[in-house]
Amino acid sequence: MPRTALARPSSQCEVCRQWDHSALCGDCIARFAAPAPRCARCGLRLALPAEACGACLLDPPPFEHTVCAADYGFPWDGLIAAFKFRGRPELATVLAERLHAAVRSTAAPLPQWVLPVPLAPARLAERGYNQAWELARRLARALGVAADAHLLWRPADSLHQADLGRAERQRNLRGAFMVDPRRRGEIAGRRVVLVDDVMTTGATAREAATALLRGGAAAVDVWVVARTPDG
Ligand SMILES: [Zn+2]
Ligand SMILES: [Zn+2]
């Protein structure tokens, strides 16, 4: 289709640098964000879609569904790192669009609340923004659902998860999250979605979901841009 002056591409694709109307071009979306069979519970990529993978059958997580847009790998690792560590919060828009498309393509129920996985206060001060909130508020707006960055707290400064092994990650996080005690009534009996950029082992999502259920939520789901494949 010939391009008119009005439809002139306005930005370069973040991945392949071709000019397009969005920061991620249609070719790259088709190539790197194609739907894949996953565990409905934890989002792990599987050979065939399943209600639960082996790990979730053995040790079911406290959340019911996980939606993710892609496996963590090229080009998502670079985009997420730029978004998170190199001061490019504007990439939240493209990443949130991918996650929004993944949410719409699943049968996962819409929640009453969309909450970001909170950052520890020291990390928030260092980075200047919570990447999960940048995603969560865009998704909530697109879906017409309430979002809040302060309902779930992360009071203690836990060690940086990336430096720890799987068992240590879970131990490090125990008791790391809590629902604001003054606002428990707002999530009592509600379905809540936790948003984060990446799910690696799921340890963070487990602890945050446990805190929400303890705080009165009826059910918790998890939405992440990228899921680390089982390696
Ligand atoms: Zn591209
Ligand atoms: Zn699973």
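In which sense do strand 4 and strand 8 pair, and over how many bridges? Keep that one in mind as you work through these exercises on a predicted model.

**Exercise 1. Trace the strands around strand 8.**

Begin with strand 4, residues 113-116, and look for its pairing with strand 8: the two are parallel, and 4 bridges link them. For a residue-level check, take leucine 115, whose bridge partner in strand 8 is leucine 194.

Now stay on leucine 194 and look towards strand 9, where its bridge partner is valine 222. Strand 9 covers residues 219-227 and runs parallel to strand 8, with 8 bridges joining the two. Another pair along this border is methionine 199 with arginine 227 of strand 9.

Next, follow the chain from strand 8 to strand 9: the path goes through helix 9, residues 203-214, and the resulting β-α-β crossover is right-handed.

Finally, look for a further neighbour of strand 9. Strand 3, residues 66-71, runs parallel to strand 9 and is joined to it by 5 bridges. Here cysteine 68 has valine 224 of strand 9 as its bridge partner.

**Exercise 2. Decide whether strands 8 and 9 are enclosed or open to the surroundings.**

The cut-off to apply is that a residue is buried under 20% relative accessible area. In strand 8, which spans residues 191-199, 9 of the 9 residues are buried, so this strand is largely enclosed by the rest of the structure. Repeat the count for strand 9: again 9 of the 9 residues are buried, and therefore strand 9 is largely enclosed as well.

**Exercise 3. Work out the geometry of the two zinc sites.**

Take the zinc ion (ligand 1) to start with. Its protein donors are the SG atoms of Cys13, Cys16, Cys25 and Cys28, which lie 2.3 Å from the ion. Read along the chain, these donors give the spacing C-x2-C-x8-C-x2-C. The angles subtended by the 4 donor atoms are 107 to 113°, so the arrangement around ligand 1 is tetrahedral.

Turn to the zinc ion (ligand 2), coordinated at 2.3 to 2.4 Å by the SG atoms of Cys39, Cys42, Cys53 and Cys56. The spacing of these donor residues is C-x2-C-x10-C-x2-C. With angles of 105 to 115° among its 4 donor atoms, ligand 2 also has a tetrahedral arrangement.

One last check on the cysteines: a search of the whole structure for disulfides returns 0.

**Exercise 4. Sort zinc-binding cysteines by their exposure.**

At the ligand 1 site, cysteine 13 has 0% relative accessibility and is therefore buried. Cysteine 16, at 35%, counts as partly exposed. At the ligand 2 site, cysteine 39 and cysteine 42 are both buried. Cysteine 53 joins the buried group because its relative accessible area is 7%, and cysteine 56 does so at 6%.

**Exercise 5. Locate aspartate 148 and list contacts of its side chain.**

Find the loop between strand 5 (146-147) and strand 6 (152-153); aspartate 148 sits there. Although it belongs to a loop, aspartate 148 has 14% relative accessibility and so counts as buried.

Then follow its side chain. One contact goes to the backbone nitrogen of histidine 150, at 2.6 Å. Another is a polar contact of 2.8 Å with the side chain of arginine 183. Aspartate 148 thus offers a handy example of a side chain with both a backbone contact and a side-chain contact.

Conventions
Residues are numbered from 1 along each chain as its sequence is written. Chains are lettered from A and ligands numbered from 1 in the order in which they are written. This is a predicted model: local features need pLDDT of at least 70, side-chain atom pairs count only at pLDDT 80 or more; totals for chains, interfaces and linings use all residues. Side-chain values use heavy atoms; hydrogens and water are left out. Donors are N, O and S atoms within 2.8 Å of the metal (3.2 Å for Na, K and Ca); water is not among the atoms, so sites may look incomplete. Four donors count as tetrahedral if all angles lie between 85 and 135 degrees; four count as square planar and six as octahedral if opposite donors are over 155 degrees apart and all others between 65 and 115; anything else is irregular. Buried means under 20% relative accessible area, exposed over 50%, partly exposed in between (1.4 Å probe, protein chains only). Two strands pair if DSSP finds at least two bridges between them. A crossover is right-handed if, with the strands pointing away from the viewer, the path from the first strand over the helix to the second runs clockwise. A disulfide is a pair of cysteine sulfur atoms within 2.5 Å. A polar contact is a pair of N or O atoms within 3.5 Å; within protein, one must be able to donate a hydrogen and the other to accept it, and residues adjacent in sequence count only if both atoms are side-chain atoms.
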